[in-house]
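Open the model in your viewer and keep a selection box ready. The stops below say what to select and what is there.

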Amino acid sequence: MKKNKKIIENSYGYSRRQKVLAWLALIGIFVCGMMAGAFIWQSKTGYTADSAVQTEIDACQKRESALLAKLNKNIDDSDWRAYEQHEYNMHIYQLLSKNGCPNNKVEYARLAESEESVASVLAELVGGNTTENKPCEIIEKTLAYYVFAGCREPDCYLHNAEVYSKMAEDGCPENSENYKKLALNELEIAEGIRINEADVARGEIRSTVNTYKKLQMQNEAKKYLNKVEKLVNPGIDFIMELQRVIEE
């Protein structure tokens, strides 16, 4: 009986060790699984963040390349109208400072100031004071710098449309009709290249309404707003805000 009891105790003790070891193994597997999952999540998160940053860098570099290509190069400062070319460069650098890559903004702002200084000196030397031009000509010339070339997205065309509408509103009266046509063309292109009409953003809606308002086309603005309200339902407060803009 004593021998049998010892065998039973030994069997029970061995079984208990097995259970403890099994529990330890399960805990180890669980911990390893959590660590592996955390590593994978961190890797994916890091990749997503890095991809977003790289996409933004690529986008701002493309904007910079497009604007830098517009700069006047090899300016002959002995030319009595050279100050105009420096003024043009000043506006380009201002756009670069605003729309270029963040790490280059300070440098572009500095270059804009430099071009402004040179333009001012040359204008003084040759008596080329731009205030001799009609105010409406200066407005048109200044606004023209803000028209983007090579647009590929609807919001770019909408931006141009708003600039042209401002030129039609505040530029020279004899050019108003031409700028109005340009603005409407940009609006038409923006709508034409949009793959999904329901993808229109609030900023684009506001830009379109402002363009129609500047062109004194309130009825067109109302029709557009009714159409957008049915497509995307941007919210009653937003619609009422734009209705007030149209009616002002």
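**Stop one: the disulfides**

Select Cys-136 and Cys-172: the torsion about their S-S bond is 85°, and the link is right-handed. Cys-136 sits in helix α4 (residues 135–144) and Cys-172 in the loop between α5 and α6 (176–192), so far as helices are DSSP runs of H or I with at least four residues, numbered from the N terminus. The pair links distant parts of the chain, 36 residues apart. The S to S distance is 2.0 Å, and both cysteines, Cys-136 and Cys-172, are buried (under 20% relative accessible area, 1.4 Å probe, protein chains only).

This is a predicted model, in which local features need pLDDT of at least 70 and side-chain atom pairs count only at pLDDT 80 or more, while totals for chains, interfaces and linings use all residues. Residues are numbered from 1 along each chain as its sequence is written, and side-chain values use heavy atoms, with hydrogens and water left out.

The count comes to three disulfides, a disulfide being a pair of cysteine sulfur atoms within 2.5 Å. Select Cys-60 and Cys-101 next; they are joined with S to S 2.0 Å. This link is right-handed, with 90° about the S-S bond. Cys-60 lies in helix α1 and Cys-101 in the loop between α2 (82–99) and α3 (105–126), so the disulfide ties together parts 41 residues apart in sequence. Cys-60 and Cys-101 are both buried.

Then select Cys-151 and Cys-156, whose sulfur atoms are 1.9 Å apart. The torsion about their S-S bond is about -55°, so this disulfide is left-handed. Cys-151 and Cys-156 are buried. Counting bonded cysteines along the chain, the pattern is 1-2, 3-6, 4-5.

**Stop two: the largest pocket**

Keep Cys-151 and Cys-156 selected and add Arg-63, Gly-150 and Arg-152: of the 16 residues that line the largest pocket, these five are the closest to its centre. On a 1 Å grid over the protein atoms alone, a pocket is an open set of points with protein on both sides within 12 Å along at least five of seven lines, and lining residues have an atom within 4 Å of a point. The pocket has a volume of about 540 Å³. Helix α1 gives the most to the lining, with five residues.

**Stop three: the cavity**

Which residues line the largest cavity? Select Glu-191, Arg-194, Glu-197, Val-200, Tyr-224, Lys-227, Val-228 and Leu-231. A cavity is a set of grid points where a 1.4 Å probe fits but cannot get out. About 50 Å³ of space lies in this one, and helix α8 (residues 218–232) gives the most to its lining, with four residues.

Note on methods:
Points joined across faces, edges and corners; volume = space filled by probe spheres on them. Helix = DSSP H or I, 4+ residues; strand = E, 2+ residues; numbered from the N terminus. Buried < 20%, exposed > 50% of the residue type's maximum accessible area, 1.4 Å probe, protein only.
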